[in-house]
Amino acid sequence: MRIVLVIFISLLFTACKKDSPKPPSAAVLTFPLQNSLCTTGVSITPTTSRVEFKWQTADNTNTYELRVANLLTGITQTANTQFTSAELTIEKGTPYSWLVVTRNTEVQETASSATWQFFNAGSQISHTPFPAQIITPLSGASVVPDINGDIVLEWSGADVDNDIVGYEIFLDTISPPQVLVASPASSVSSIKINTIANTIYYWKVITKDTEGNSSDSGIYSFRAL
């Protein structure tokens with residue numbers, strides 16, 4: 001009898017026990033597309049338009065936070081929603097990046113989607129390249145050089161006009177970096193540079209297109225060990 005009672009209580013406890021809440025999954029972005037020219041915005045003023053951002057449903061998610069950053073000014077706009085789309089009024093003729101942060105009210109963890117870039121259409125025919133995205137070294141990283149003291153700098157570039165002509169790579173031990181160390185063609189996305197041990201370096205990438213437009217990646221730093 002005692003054994004039966006123990007088994008019954010154990011089964012009852014198991015049945016009543018709630019599953020532990022799960023952290024949210026990252027959202028998958030769908031629109032505006034990565035490295036695209038967004039032409040679907042509704043014109044609000046001569047300089048602004050209202051754009052709808054869309055993404056897929058994320059598991060274990062109660063709310064979504066849309067973050068849209070102006071790549072020229074660095075200013076970020078946000079919108080919170082329970083749905084898989086949200087609208088924001090943004091500047092015409094301007095490059096932006098965007099991502100979605102997912103949240104579950106039962107846990108503290110959040111998840112971030114990939115970050116996509118797009119150019120919000122304006123009246124211009126030629127578009128400035130997107131600022132180069134730094135791949136490695138990431139800012140604040142400590143990097144071990146190879147046997148020759150060399151470190152690889154890697155980035156990626158994109159332009160809605162697909163007319164990038166090349167890059168200028170600046171590297172220095174002061175910020176902002178003043179020394180032009182390479183001017184690779186558009187087909188090149190990494191270079192090797194020689195470093196001095198235990199030294200902090202600052203670097204940035206200028207992207208240029210055939211129309212004379214250019215963009216600045218911003219300054220990144222790393223320590224050569």
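Is Lys-208 buried, exposed or partly exposed? In this predicted model, Lys-208 has a relative accessible area of 31% and is therefore partly exposed, and its side chain makes a good place to begin the tour.

**Salt bridges between strands**

Select Lys-208 together with Glu-168, and you will find a salt bridge whose closest N and O atoms are 2.8 Å apart. Because Lys-208 belongs to strand β17 (residues 199–209) and Glu-168 to strand β14 (residues 164–172), this pair ties together parts that are 40 residues apart in sequence.

The whole structure contains six salt bridges according to the search, and a further one to display is that between the side chains of Glu-87 and Arg-50, which meet at 3.2 Å, N to O. Here strand β7 (residues 85–91) carries Glu-87 while strand β4 carries Arg-50, so that the pair joins parts lying 37 residues apart in sequence. Glu-87 is partly exposed, at a relative accessible area of 42%, and Arg-50 is likewise partly exposed, at 32%.

Next, select Lys-192 and Asp-146, which form a salt bridge with the closest N and O atoms 3.8 Å apart. Lys-192 is in strand β16 (residues 190–194), whereas Asp-146 is in the loop between β12 (141–143) and β13 (150–156), and 46 residues separate the two. Lys-192 counts as exposed, at 59% relative accessibility, while Asp-146, at 31%, counts as partly exposed. Before leaving the charged residues, show Glu-65, Arg-67 and Arg-103, which are linked in a network of salt bridges.

**Aromatic rings**

Turn now to the rings, for which the search of the whole structure gives seven aromatic pairs. Phe-53 and Trp-98 form a tilted pair, with 5.2 Å from centre to centre and 55° between the planes; Phe-53 lies in strand β4 (residues 48–55) and Trp-98 in strand β8 (residues 94–103), 45 residues apart. Both Phe-53 and Trp-98 are buried. Adding Tyr-96, Trp-116 and Phe-118 to the selection shows the cluster that ring pairs build with Phe-53 and Trp-98.

For a ring facing a charge, select Phe-170 and Lys-204: the charged end of Lys-204 sits over the ring of Phe-170, 5.5 Å from its centre.

**A buried serine**

The last stop is Ser-113, placed in the loop between β9 (110–112) and β10 (116–120). Its relative accessibility is 9%, under the 20% limit for buried residues, and Ser-113 therefore counts as buried. A polar atom of the Ser-113 side chain lies 2.9 Å from the backbone nitrogen of Val-100. Leaving aside residues up to four places away in sequence, Ser-113 touches Ala-26, Ala-27, Leu-29, Leu-99 and Val-100.

Key:
Residues numbered from 1 in each chain as written. Predicted model: local features only at pLDDT ≥ 70, side-chain atom pairs only at ≥ 80, totals over all residues. Heavy atoms only, no water. Phe/Tyr/Trp six-rings, centres within 6.5 Å; stacked < 30°, edge-to-face > 60°. Helix = DSSP H or I, 4+ residues; strand = E, 2+ residues; numbered from the N terminus. Buried < 20%, exposed > 50% of the residue type's maximum accessible area, 1.4 Å probe, protein only. Lys NZ or Arg CZ within 6 Å of the ring centre and 35° of its normal. Polar contact = N/O pair within 3.5 Å; in protein donor to acceptor, adjacent residues only side chain to side chain. Contact = heavy atoms within 4.5 Å. Salt bridge = Lys/Arg side-chain N within 4 Å of Asp/Glu carboxyl O.
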